[in-house]
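Please open the structure in your viewer, with the sequence beside it, and keep a way of selecting single residues at hand. The stops below go from one selection to the next.

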Amino acid sequence: LERAKEEHEKTRLIVGARRQELQVAQMHRHYHETMKEWGRLAWVGRGIDESYQGLWTLGACDDRAIMFKGTEYHTPTLTIPLFDREYNLLNIKHRLINPPKPNDKYRPEREGLGAIPPFFAFPDMQYNADVVWIIEGEIKAMVTATISPDAGWQFIGVPGQDAFDKL
């Protein structure tokens, strides 16, 4: 039991250090600030205008290398930063524009940070909203938030129906 506790603490410290590196690097800001016209238009085409692109620091990456079947695969991506209540960056999801296979569309910015958290349209609100909508897909949650008639509603995007059973 003591050894398991030590291993858990070691893992927690490593994850914390990796997440801190990600936060210091501010890659979500880099992807947003260097996003080219194709990226802005791709977000608009998905229903997210430029004001919301700025609110959520959405971005694009011209060439993301991922490993697929043991080889390096390259594709442009759209980037979705994921934040906690204090707007600390938890990770960035890359939506692959040309996925190596149709159901393999997402990759995290950094591996080894634990489970990918859900997307909160309004991170500071978390679950403390008048109405909380759980929506399959971060982009669908964003689009729904942009047309919401009520500022007291929260929209949470999850990657799949079974990814967050407790919600």
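Which residues does Arg-64 touch, not counting residues up to four places away in sequence? Select Arg-64 in this predicted model and show its surroundings: the residues it touches are Tyr-31, Tyr-73, His-74, Thr-75, Thr-77, His-94, Pro-108 and Glu-109, with those up to four places away in sequence left aside. Arg-64 is found in strand 1, which covers residues 59–68, and it counts as buried because its relative accessible area, 15%, is under the 20% cut-off. Now turn to the tip of the selection and look for two backbone oxygens: the side chain of Arg-64 reaches that of Pro-108 at 3.4 Å, and it also reaches that of Glu-109 at 3.1 Å.

Next, select Arg-107, which is found in strand 4 (residues 106–108). Is Arg-107 buried or exposed? With a relative accessible area of 15%, Arg-107 is buried. Its side chain makes a polar contact with the side chain of Asp-104, at 2.6 Å, and if residues up to four places away in sequence are not counted, Arg-107 touches Ile-66, Met-67, Phe-68, Ile-92, Lys-93, His-94 and Leu-96.

Leave these two arginines and select strands 5, 6 and 7, which form an open sheet in the order 5-7-6, with mixed pairing. At its edges lie strand 5 (119–120) and strand 6 (131–136), each of which pairs on one side only. Strand 6 and strand 7 (residues 153–158) run parallel and are joined by six bridges; to find a place where they face each other, select Trp-133, which stands opposite Phe-155 in strand 7. Then add helix 5 (residues 138–146), which packs on the sheet and touches strand 5, strand 6 and strand 7, its direction making about 160° with that of strand 7.

Finally, clear the selection and colour the whole protein by secondary structure, so that its five helices and seven strands can be counted. Followed from the N terminus, the elements run α-α-α-α-β-β-β-β-β-β-α-β. Of the 167 residues, 39% count as buried, and among contacts between residues at least 6 apart in sequence, 52% join residues at least 24 apart. With the surface switched on, you are looking at an accessible area of about 9,600 Å², of which 52% belongs to carbon and sulfur atoms.

Key:
Residues numbered from 1 in each chain as written. Predicted model: local features only at pLDDT ≥ 70, side-chain atom pairs only at ≥ 80, totals over all residues. Heavy atoms only, no water. Helix = DSSP H or I, 4+ residues; strand = E, 2+ residues; numbered from the N terminus. Buried < 20%, exposed > 50% of the residue type's maximum accessible area, 1.4 Å probe, protein only. Polar contact = N/O pair within 3.5 Å; in protein donor to acceptor, adjacent residues only side chain to side chain. Contact = heavy atoms within 4.5 Å. Pairing = 2+ DSSP bridges. Axes fitted to C-alpha atoms, helices over the stretch in contact; angles between N-to-C directions. Areas by Shrake-Rupley, 256 points an atom, 1.4 Å probe, with all protein chains shown as cover.
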